[in-house]
Amino acid sequence: MEGSLLQPTLYTVKGIAILDNDGNRILAKYYDKNVFPTAKEQRTFEKNLFNKTHRANAEIIMLDGLTCVYRSNVDLFFYVMGSSHENELILMSVLNCLYDSVSQILRKNVEKRAVLESLDIVMLAMDEICDGGIIIDADSSSVVSRVALRTDDIPLGEQTVAQVLQSAKEQLKWSLLK
């Protein structure tokens, strides 16, 4: 009897993927190397997953022993995968956080071209949501605030004159206060 009870674990997400409307990978992260150890197995699973979900109206599917929640937009499909015994509501909260974060980052223009143009920020948002299969954050506004570009990070040559003057004022103020 004690072997049938599963111990609670923080490792709830097995993988996150964003596919285009042809089933090709835009971005994917797999956190459990035991489930899909090679890229070939990952791509085979993604093709199978896309074929099962691209015409369905549901939000959840059981496939190859994994619980997969998904959401589609214009030409993108967002997937979050967990083990078969995982709570679907937790996986759905990760999916909603990912979708809402991407939507805010891209200013409601969630489509393939926009995701590819901002792929670095989308990848960073994905890393802020889930790290190694452990859910770190499920609030899209806090994820977006952490991945937002700051003027301090912009190289001097790409800053506007107003930004350069503001930065110089701040530096002068802090040097006088010391």
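Two strands are said to pair if DSSP finds at least two bridges between them. In the predicted model described here, one such bridge sets Gly15 opposite its partner Met81, which belongs to strand E5. The strands that meet in this way, E1 and E5, run antiparallel and are joined by seven bridges. Strands of a sheet pair, in general, through backbone hydrogen bonds, and the pairing may be either parallel or antiparallel.

The wider arrangement is an open sheet of five strands, which follow one another in the order E2-E1-E5-E4-E3 with antiparallel pairing. The edges of the sheet are formed by E2 and by strand E3, residues 60-63, each of which pairs on one side only. Between neighbouring strands the average turn is 20 degrees when direction is ignored. Strand E4, which spans residues 66-72, is linked to E5 by seven bridges and runs antiparallel to E5; within the sheet, Thr67 stands opposite Gly82 of E5. Helix H2 packs on the sheet, where H2 touches E1, E3, E4 and E5, and the direction of H2 makes an angle of about 30 degrees with that of E4.

On its other side, E1 pairs with E2 in the antiparallel sense over five bridges, and here Ile18 is found opposite Leu27 of E2. These two strands, E1 and E2, form a hairpin with four residues between them, and in the turn Gly23 has a positive phi of about 90 degrees. The same glycine, Gly23, lies 7.6 Å from Asn51 in space, C-alpha to C-alpha, although 28 residues separate Gly23 and Asn51 in sequence. Asn51 is part of helix H1, which covers residues 39-53. The relative accessible area of Asn51 is 52%, and Asn51 is therefore classed as exposed, since that term applies to values over 50%.

Strand E1, by contrast, is mostly covered, with eight of its eight residues buried. The largest nonpolar core of the model comprises 32 residues, and those with the most contacts inside this core are Val13, Ile16, Ile18, Phe78, Val80 and Val102. Two or more residues of the core are given by each of several elements, among them strands E1 (13-20), E2 (25-30) and E5 (76-83), together with helices H2 (88-105) and H4 (119-129). The largest share, nine residues, comes from H2. Such an arrangement can be set beside a general tendency: in soluble globular proteins, nonpolar side chains tend to be buried together. The surroundings of one core residue may serve as an illustration, as Val13 touches Tyr31, Val80, Met81, Leu91, Val94, Cys130, Gly133 and Ile135, when residues up to four places away in sequence are not counted. A second core, separate from the one just described, has 16 residues, including Tyr30, Phe36, Tyr70 and Phe77.

Helix H5 also has residues that are buried, namely Ser140, Ser142, Val143, Val144 and Val147, and what covers these residues includes H2 and H4. The helices H2 and H5 appear again around the largest pocket, for each of them supplies at least two residues of its lining. The volume of this pocket is about 180 Å³. Ten residues line the pocket, and of these the closest to its centre are Gln104, Ile105, Leu106, Arg107 and Ile121.

Definitions and conventions:
Residues numbered from 1 in each chain as written. Predicted model: local features only at pLDDT ≥ 70, side-chain atom pairs only at ≥ 80, totals over all residues. Heavy atoms only, no water. Core = buried A, V, L, I, M, F, W, Y, C linked by side-chain atoms within 4.5 Å. Buried < 20%, exposed > 50% of the residue type's maximum accessible area, 1.4 Å probe, protein only. Contact = heavy atoms within 4.5 Å. Axes fitted to C-alpha atoms, helices over the stretch in contact; angles between N-to-C directions. 1 Å grid on protein atoms, 1.4 Å probe; cavity = no way out; pocket = protein on both sides within 12 Å on 5 of 7 lines; lining within 4 Å. Points joined across faces, edges and corners; volume = space filled by probe spheres on them.
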